[in-house]
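Hi everyone, thanks for coming along. I'd like to walk you through one model today, so please have a look at the screen.

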Amino acid sequence: MSYVQGFLVAVPVERKEEYRAMAQEMWPYFKSLGAISTTECWQDDVADGEVTSFPMAVKLEEGEAVVFSWIIWPDAATYQSAFEAMMNDPEMADMEMPFDGSRMLWGGFKPFFEGA
């Protein structure tokens, strides 16, 4: 079964196109590591919460938007191998991101239901 790597990040609105360009540039790299697909979603209908919310999770600041994204991998083993390769890639370590990486959330997820 496939494996999902999910991300949640706050991106300055003024850097949206820079973020999009980064995502487009990264796709061939992820694909070379075995990724099946990737999706990047820009905040549209995201409410502030009183207890929890996407904005609270990323400590959203004025002038920022929430980006919710994911990469689909064929299986957990491919994801783990790709993650290790990315963490050991000096170009990844030196990459300038158009957002504050310290407020990025990510993780790997095992799908347990898929509807179509």
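**A walk through the fold**

Let me start with a single residue: lysine 59 sits in the loop between helix 2, residues 54-57, and strand 3. Before I go on, please keep in mind that this is a predicted model. What is the phi of lysine 59? It is positive, about 55°, although this residue is not a glycine. Is lysine 59 buried or exposed? Its relative accessibility is 59%, and over 50% counts as exposed, so lysine 59 falls in the exposed class.

Now let's step back to the whole chain. There are four helices and four strands in the protein chain. Reading from the N terminus, the order of elements is β-α-β-α-β-α-α-β. The radius of gyration is 15 Å, close to the 13 Å that the globule rule gives for 116 residues, so the chain is as compact as a globular protein of that length. If you prefer a box, the C-alpha trace spans about 40 × 35 × 20 Å along its principal axes.

A few totals for those of you who like numbers. Among contacts with a separation of 6 or more, 83% come from residues 24 or more positions apart. Of the 116 residues, 33% count as buried. The accessible surface comes to about 7,700 Å², and carbon and sulfur atoms hold 55% of that. As for charge, the chain has 7 positive and 20 negative charges, and the mean positions of the two sets are 3 Å apart.

Next, the inside. How many residues does the largest nonpolar core have? It has 16, and the ones with the most contacts inside it are Val9, Val11, Tyr19, Phe30, Ile71, Trp73 and Phe99. Two or more residues come from each of strand 1 (3-12), helix 1 (16-32), strand 3 (64-73) and helix 3 (76-87). Take valine 9 as an example: setting aside residues up to four places away in sequence, it touches Tyr19, Val58, Ala65, Val66, Val67, Phe99 and Met104.

Val66 also turns up beside proline 55, which is a residue of helix 2. Proline 55 has a relative accessible area of 6%, and under 20% means buried, so that is how we class it. Leaving out residues up to four places away in sequence, proline 55 touches Val46, Ala47, Asp48, Leu60 and Val66. The C-alpha atoms of proline 55 and valine 66 are separated by 6.6 Å, with the two residues eleven apart along the chain.

Let's finish with strand 4, residues 105-109, and two of its residues. Leucine 105 belongs to this strand. With 37% relative accessibility, leucine 105 is partly exposed. Which residues does leucine 105 contact, leaving aside neighbours within four places in sequence? They are Gly6, Phe7, Leu8, Ala57 and Val58. The C-alpha atoms of leucine 105 and alanine 10 are 9.7 Å apart, while along the chain these residues are 95 apart.

Glycine 108 is also found in strand 4. Its relative accessibility is 32%, and that makes glycine 108 partly exposed. Not counting residues up to four places away in sequence, glycine 108 touches Tyr3, Val4, Gln5 and Tyr79. From glycine 108 to alanine 76, 32 residues apart along the chain, the C-alpha atoms are separated by 8.2 Å.

That's my tour. Thanks for listening, and I'm happy to rotate the model for anyone who wants another look.

How values were computed
Residues numbered from 1 in each chain as written. Predicted model: local features only at pLDDT ≥ 70, side-chain atom pairs only at ≥ 80, totals over all residues. Heavy atoms only, no water. Core = buried A, V, L, I, M, F, W, Y, C linked by side-chain atoms within 4.5 Å. Buried < 20%, exposed > 50% of the residue type's maximum accessible area, 1.4 Å probe, protein only. Contact = heavy atoms within 4.5 Å. Rg over C-alpha atoms; globule rule 2.2 N^0.38 Å. Areas by Shrake-Rupley, 256 points an atom, 1.4 Å probe, with all protein chains shown as cover. Lys, Arg positive; Asp, Glu negative; His and termini not counted. Charge placed at Lys NZ, Arg CZ, Asp CG, Glu CD.
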